[in-house]
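Me: I should like to learn how an interface and its aromatic pairs are read. Could the reading proceed feature by feature?

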Amino acid sequence: MESVSIVRAEDVSKAVGDLYREINTHLRPDVLEALNEALAREESESAREILAALLENQDISREDGIPLCQDTGLAVAFVSMGDQVVLEGGTLQEAVDEGVRNAVAEQPLRASTVTDPLERRNAGDNTPAIVHLEHVRGDRLVIRLMAKGGGAENMGRLCMLTPGEGREGVVRVVVETVRDAGANACPPVIVGVGLGGDFETAPLLAKSALFRDMGQRHPEPALAELEAEILAQVNALGIGPQGFGGRTTALAVLIEQAPCHIASLPVAVNLACHSHRHGSVTLKGEQKRLAD
Amino acid sequence: MSVRCGDRVLLSGVVFSARDAAHKRMVAALECGEPLPFDPAGQVIYYMGPSPAPPGRVIGAAGPTTSARMDVHAPALYEAGIKATIGKGPRSEAVRRAIVEHEALYLAAIGGAGALLSRCIKEAAVIAYAELGPEAVRRLVVENLPVIVVNDAHGDDLYEKARQGQAGARADEE
């Protein structure tokens with residue numbers, strides 16, 4: 001390696017803070033498009049009214065500077081760090097937490113983190129953020145950030161299927177998860193599915209899948225077909241927007257897969273609400289040549 | 001009662017916000033024979049924990065949270081006189097029985113429409129458990145808060161009707 005790419009922790013904090021605020025007050029273009037398409041497709045009056053209200057909600061959010069939803073989510077960061085990147089001035093966790101803390105105070109966003117699952121004392125600033133790190137080639141630091149609300153997150157599921165249950169078993173698990181989530185997950189939902197890996201990687205794959213732009217088909221034709229099949233079955237459930245009936249129970253099904261054990265077929269389902277708040281930012285550090 | 005399952009209603013007046021932690025405390029108070037932070041007779045509870053109010057605003061985003069988490073506590077509060085609760089998502093069999101027994105209501109607001117619903121809130125004041133932050137009990141004055149009747153005193157359930165494909169909401173508003 002001839003050079004390193006120096007990224008400052010304070011730049012990471014600034015980028016995370018700006019992104020956390022942005023995703024909490026603006027719907028993504030792919031979400032807007034999917035909601036508009038759903039509105040055009042729905043015939044039931046209540047489904048149409050709800051979808052129209054969700055679109056109006058984002059206009060009001062922008063106008064009033066108020067978050068789309070009072071549950072401004074836990075901040076979940078998936079970070080890809082290039083092998084030439086050197087982070088200067090703090091750890092990745094510290095840098096992300098600082099950004100989250102600032103965004104919560106400045107927007108303001110809701111304090112939704114308790115420090116202890118049983119004692120349940122509110123941390124007040126949504127830290128610690130959830131941070132996942134992947135080490136890749138290159139000179140960049142890419143941060144994908146999601147504001148994940150509790151309502152949809154609570155309805156997720158992990159099933160350790162056996163290989164014999166196969167594709168049919170996968171479809172069944174996903175459709176049942178969305179059915180059982182019903183109105184609680186704030187439909188129309190986006191369905192993240194993680195296939196393979198092991199007990200902890202399948203849920204990570206499911207959440208990671210949720211970052212894909214909904215307009216993009218899965219590059220593997222077999223998985224693109226599986227996504228379309230599951231989406232059709234989920235929308236045939238008739239749950240509809242907010243659970244009051246309709247054709248749109250989900251806006252998209254997004255799958256990611258990984259190799260797994262010969263004995264296993266892990267399936268994880270992670271649901272996102274209709275506002276599906278996420279985004280990404282790329283930091284290219286300052287290049288510094290290494291001394292010979 | 002004139003309001004029925006499927007009716008869309010614009011609610012105006014006082015409601016009290018309370019969610020998980022506040023429910024736990026309120027039901028503990030009832031069990032010890034202690035008073036609640038407000039007189040529950042004929043009142044409405046909104047399952048909601050707002051985001052903080054930005055400068056110049058009464059409250060931040062203020063949409064409903066999942067009602068099912070309050071199911072374990074709700075029958076005692078209906079028993080104590082609560083006339084209606086507002087949230088999102090279906091209720092347990094025990095809550096639905098309490099609603100029939102006490103001729104009460106369960107109403108749904110649009111989950112995730114926090115900015116839109118914020119505009120319907122004209123006053124907000126923390127009246128109890130301030131240390132719970134977003135989970136404190138607030139007295140809210142609402143104007144034309146849009147809700148839909150899910151469970152009524154006749155035992156009807158809008159989510160069940162939707163599952164059976166007959167969820168045509170009644171058009172009349174009040």
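Reply: The turns below discuss the contact between two chains and then the aromatic pairs. Please keep in mind that this is a predicted model.

Me: How many residues does the contact take from chain A and from chain B?

Reply: One begins with the residues on each side. Chain A contributes 35 residues to the contact and chain B contributes 40 residues.

Me: What is the area buried between chain A and chain B, and which three residues supply more of the area that chain A buries than any other three?

Reply: About 2,800 Å² is buried between chain A and chain B, and carbon and sulfur atoms give 59% of that area. On the side of chain A, the three residues A:I66, A:Q70 and A:F244 supply 25% of the area buried against chain B, more than any other three residues.

Me: How many salt bridges and how many residue pairs in polar contact are there between chain A and chain B?

Reply: Between the two chains, 5 salt bridges are counted. One of them joins the side chains of B:R119 and A:E63, at 2.8 Å from N to O. The interface also has 16 residue pairs in polar contact, with both residues at pLDDT 80 or more.

Me: Which helix gives the most to the side of chain A that touches chain B, and how is that side made up by class?

Reply: Helix 3 of chain A, residues 45–64, gives the most, with 11 residues. By class, this side of chain A has 14 nonpolar, 15 polar and 6 charged residues.

Me: How many aromatic pairs does the structure hold, and how is the pair of A:F78 and A:F211 classed?

Reply: For a pair of rings, one reads the distance between centres and the angle between planes; planes over 60 degrees apart count as edge-to-face. Over all chains there are 3 aromatic pairs. In one of them, the ring centres of A:F78 and A:F211 lie 5.3 Å apart with planes at 65 degrees, so this pair is edge-to-face. The pair links distant parts of the chain, 133 residues apart: A:F78 belongs to strand 2 of chain A, and A:F211 to the loop between helix 7 and helix 8.

Me: Are A:F78 and A:F211 buried or exposed?

Reply: A residue counts as buried under 20% relative accessible area. A:F78 is buried at 9%, and A:F211 is buried at 9%.

Me: Which chains does the pair of A:F244 and B:Y159 cross between, and is that pair stacked or edge-to-face?

Reply: The ring centres of A:F244 and B:Y159 are 5.0 Å apart and the planes are at 10 degrees, so the pair is stacked. The pair crosses between chains, from A:F244 in the loop between helix 8 and strand 8 of chain A to B:Y159 in helix 5 of chain B. A:F244 is buried at 6% relative accessibility, and B:Y159 is buried at 5%.

Terms used:
Residues numbered from 1 in each chain as written. Chains lettered and ligands numbered in written order. Predicted model: local features only at pLDDT ≥ 70, side-chain atom pairs only at ≥ 80, totals over all residues. Heavy atoms only, no water. Contact = heavy atoms within 4.5 Å. Buried area = accessible area lost by both parts, 1.4 Å probe. Salt bridge = Lys/Arg side-chain N within 4 Å of Asp/Glu carboxyl O. Polar contact = N/O pair within 3.5 Å; in protein donor to acceptor, adjacent residues only side chain to side chain. Helix = DSSP H or I, 4+ residues; strand = E, 2+ residues; numbered from the N terminus. Nonpolar A, V, L, I, M, F, W, Y, C, P; charged D, E, K, R; others polar. Phe/Tyr/Trp six-rings, centres within 6.5 Å; stacked < 30°, edge-to-face > 60°. Buried < 20%, exposed > 50% of the residue type's maximum accessible area, 1.4 Å probe, protein only.
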